[in-house]
Amino acid sequence: MKKLLVALCLFALPALASAQLADPVKWTFKTKKIDAKNYDVIATATIEKGWHLYAQDAGEGPIPTSFKFAKNPLVATTGKVKEDGKLKKAFDKNFDSELKYYENTVNFVQRVTVKGKAATKLKGSVEFMVCDDHQCLPPTEVEFAFDLK
């Protein structure tokens with residue numbers, strides 16, 4: 001009986017460990033055509049209940065959300081990435097700072113201009129950090145590619 005119990009525990013530990021490594025943020029990426037040459041590229045973060053994702057200007061301490069766009073001679077970005085969501089601000093004693101973050105969902109929108117008539121892709125990555133009331137996960141980087149036609 002002891003051997004059976006030990007065997008069950010050994011099989012259960014990896015499952016429990018992988019459950020803790022789950023990513024509480026799911027990203028979706030889409031484009032919205034504005035006119036013949038301009039697009040909004042939209043990265044949407046859906047955040048699990050109890051977690052929060054830091055803004056691009058998060059405050060002192062956590063890793064802010066940031067976007068990197070690969071160089072593409074056919075695409076030019078216009079301005080900075082805009083945030084569209086319910087921004088929250090709160091003092092965090094762990095970081096000893098007032099922090100800005102999002103819960104539930106937030107859209108990050110970048111306006112781009114396509115040069116020429118050829119279809120192309122805008123590639124890049126988003127780096128972000130999430131925390132709950134008890135822990136922060138290490139910063140994560142997710143790659144993306146937007147089709148611009």
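# Strands, cores and one disulfide

Along the sequence, the protein chain follows the pattern α-β-β-β-β-β-β-β-β-β-β-β. That makes 1 helix and 11 strands. The model is predicted. Of the 149 residues of the protein chain, 33% count as buried. Among contacts between residues at least 6 apart in sequence, 67% join residues at least 24 apart.

The pairing of the strands is a convenient place to begin. An open sheet of 4 strands, paired antiparallel, has the order β1-β2-β8-β5. β1 and β5 stand at the edges of this sheet with a single partner strand each, so each has one side without a neighbour in the sheet. On average, and with direction ignored, neighbouring strands of the sheet are turned by 20 degrees against each other. In the pairing of β5 with β8, the two strands run antiparallel and are joined by 8 bridges. Glycine 85 stands opposite valine 106 of β8.

Further pairings involve β9. Strand β4, residues 66–69, runs antiparallel to β9 and is joined to it by 4 bridges. Here phenylalanine 69 stands opposite glycine 124 in β9. β9 also pairs with β11 in the antiparallel sense, over 9 bridges. In this pairing, leucine 122 has phenylalanine 146 in β11 as its bridge partner. In a regular strand, side chains alternate between the two faces of the sheet.

From the strands the account moves to the side chains. The largest nonpolar core has 26 residues, and those with the most contacts inside it are Trp27, Leu53, Phe67, Phe108 and Leu148. At least two residues of this core come from each of β1 (25–33), β2 (38–47), β5 (75–85), β8 (105–114), β9 (120–128) and β11 (140–148). β2 gives the most, with 5 residues. There is also a second, separate core of 6 residues, which includes Tyr54, Ala58, Tyr101 and Cys131.

Phenylalanine 67 can serve as a point of reference in the larger core. Its relative accessibility is 16%, and because buried means under 20%, phenylalanine 67 counts as buried. Leaving aside residues up to four places away in sequence, phenylalanine 67 touches Trp27, Ala43, Gln56, Val81, Phe108, Ser125, Val126 and Phe144. Two of the residues it touches, Trp27 and Phe108, are also listed among those with the most contacts inside the core.

Aromatic rings are a further theme. The structure holds 12 aromatic pairs. In one of them, the rings of phenylalanine 67 and phenylalanine 69 have their centres 6.4 Å apart and their planes at 15 degrees; planes under 30 degrees apart count as stacked, so this pair is stacked. Phenylalanine 69, with a relative accessible area of 26%, is partly exposed, whereas phenylalanine 67 is buried. Ring pairs link both of these residues into a cluster with Trp27, Phe29, Tyr102, Phe108, Phe128, Phe144 and Phe146. Phe146 of this cluster is the bridge partner of leucine 122 described above.

The count of disulfides comes to 1. The bond joins cysteine 131 to cysteine 136, with an S to S distance of 1.9 Å. The torsion about the S-S bond is about 105 degrees, so the disulfide is right-handed. The two cysteines differ in burial: cysteine 131 counts as buried at 1% relative accessibility, while cysteine 136 counts as partly exposed at 35%. Cysteine 131 is one of the residues of the second core.

Two residues in loops remain to be described for their backbone geometry. Aspartate 96 is not a glycine, yet has a positive phi of about 50 degrees. Aspartate 96 lies in the loop between β6 (88–92) and β7 (97–102). With a relative accessible area of 60%, aspartate 96 is exposed, because exposed means over 50%. Asparagine 104 likewise has a positive phi, of about 70 degrees, although it is not a glycine. The loop that holds asparagine 104 is the one between β7 and β8. β8 is also a member of the open sheet, where its place in the order is between β2 and β5.

Conventions: Residues numbered from 1 in each chain as written. Predicted model: local features only at pLDDT ≥ 70, side-chain atom pairs only at ≥ 80, totals over all residues. Heavy atoms only, no water. Phe/Tyr/Trp six-rings, centres within 6.5 Å; stacked < 30°, edge-to-face > 60°. Buried < 20%, exposed > 50% of the residue type's maximum accessible area, 1.4 Å probe, protein only. Core = buried A, V, L, I, M, F, W, Y, C linked by side-chain atoms within 4.5 Å. Contact = heavy atoms within 4.5 Å. Disulfide = S-S within 2.5 Å. Pairing = 2+ DSSP bridges. Axes fitted to C-alpha atoms, helices over the stretch in contact; angles between N-to-C directions.
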